[in-house]
Amino acid sequence: MDPLQQMLSVAEARARILEHFEPLSTEVVALGACLRRVLGSAVVARHDLPPFANSSMDGYAVRRHDADGAGPGHEVRLPVSMDIPAGSGLPGPLTPGTAARIMTGAPMPPGADAVVPVEDTNDRRDRMGGTPAEVAIRVAPAPGQYVRPVGQDVRAGEVVMPTGTVLGPAALGVLAALGYSQVTVYRQPRVALFSTGDELRQVGEPLGPGQIRDVNSYTLAAAAEHYGAQVLRLGIVRDRLEAVQAVLAAAAGQGADLVLSSAGVSVGAYDVVKTAVETAGGLQFWRVRMRPGKPLAFGRVHGVPFFGLPGNPVSALMTFEVFVRPSLLKLAGRRHWDKLAITAALAEPVRSDGRESYLRVVVTRRGEAYVARPAGDQGSAVLSSLVRANGLLILPEGVTEARAGERFTVWLVDGADAALLDEG
Ligand code: AMP
Ligand code: MG
């Protein structure tokens, strides 16, 4: 059968789409600008972390056996032979039979093998004052207690983070600790975005009869940026073949890694996007057995992968989530793009038409189990129910009816965790 006439399953369409994407090149970026970027080369530890053995408590460093006898009603008194604040350079060895006053993060003096916290001494526990001549130890220290040994966290030469690691706050911290002020990361995908439709007006313009505001430019730009892309906003394009051809050429000319449009890909008399894509490269397919979102065009224009998403705002966002999001993540060097999913029981019966269906649901927790209830009207133009939803429940292909209590996979909408409240 002609592939353009064939309607693909969601999984087939996604697999075919992902073949068109490979990770982009890498670039070197200042550490402070690396949040959510993806490592383009493995990070190898340049030195141990911590780089020197240090104390994890404010207190007194000792040779453990010098304080062995301490216990209830039994103080061991040691002269204080040195004072070691944090940042004071490496101290000399600890004289046997003495204690060194030491602060959290200060280097251990050679010879000392334990730290007695100030709470276990006769020193003031609210705030330590001047260095005392002597300290009374009330609890015998365990070997190595409150000492952070060299390399406890990371050993020199170790691969701390592999290529493809997404840099969150903790990863940035490890890079900082190792002295990486510049980091090799994958380039961010550049997405050229436009909306088609003669009925569309910009958000700040008054509406004439029969006109609506361009919603998809905002939702899709936000979604693309959310997943790490830089968006080239090309605005509203009229339903004219030449206008769409011109914007496709402009998108490719401006170095887009992916071209994204909405509307004009169905069977309407003015749906010119498919024809424009055919003349600018080629169309791979344009329909998927998915609800919402059947008319989804995918192809290449001037060598650049192209998505023609449906015009209805919910369909556009859903097909973005299912097809464009994994493509962007793959471009950006990510190795995994599966959504975080839970299993939830339907709170009420639902129907579908047998296409793989993504229902907007509100998920709540009942004890250990999750319950999903439709978030409102499931129409493909009803965006407000998507605002209320904290999950997308997936009815697999072939399911036309599901009973209350049946369990299905639910993708959590980002940030949904906060809304997963106990029903009580
Ligand atoms: P189409 O695929 O062009 O037939 O569009 C399908 C539906 O989506 C129609 O009701 C359009 O008015 C609507 N639509 C198309 N583009 C947008 C947009 N950018 N913002 C809001 N609604 C849109
Ligand atoms: Mg249209």
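Start with strand E4, residues 59-62, and strand E6, residues 99-102: in this predicted model the two run antiparallel and are joined by three bridges. To see one of those pairings, click Ala 61 and then its bridge partner in E6, Ala 100.

Keep E4 on screen and add strand E7, residues 114-117. E4 pairs with E7 too, again in the antiparallel sense, this time over four bridges. Pick Tyr 60 here and look across to E7, where Val 116 stands opposite. While you have the strands up, remember that side chains in a regular strand alternate between the two faces of the sheet.

Now jump to ligand 1. Select the residues around ligand 1 and you should get 15, with Glu 199, Asp 214, Val 215, Gly 264 and Gly 311 coming nearest. Colour that shell by class and you'll find five nonpolar, six polar and four charged residues.

Next, zoom in on some polar contacts. Show the side chain of Asn 216: one of its N or O atoms sits 3.4 Å from a nitrogen atom of ligand 1. For Gly 311, switch on the backbone, since a polar atom there is 3.3 Å from an oxygen atom of the ligand. Leave the backbone showing and move to Asn 312, where an N or O atom of the main chain lies 3.1 Å from a ligand oxygen.

Flip to a surface view to see how covered the ligand is. On its own, ligand 1 exposes 480 Å², and the protein buries 76% of that. Last stop: select strand E12 (190-196) and strand E14 (212-213), the elements that give two or more residues to the shell around ligand 1.

How values were computed. Residues numbered from 1 in each chain as written. Chains lettered and ligands numbered in written order. Predicted model: local features only at pLDDT ≥ 70, side-chain atom pairs only at ≥ 80, totals over all residues. Heavy atoms only, no water. Near = heavy atom within 4 Å. Polar contact = N/O pair within 3.5 Å; in protein donor to acceptor, adjacent residues only side chain to side chain. Areas by Shrake-Rupley, 256 points an atom, 1.4 Å probe, with all protein chains shown as cover. Nonpolar A, V, L, I, M, F, W, Y, C, P; charged D, E, K, R; others polar. Pairing = 2+ DSSP bridges.
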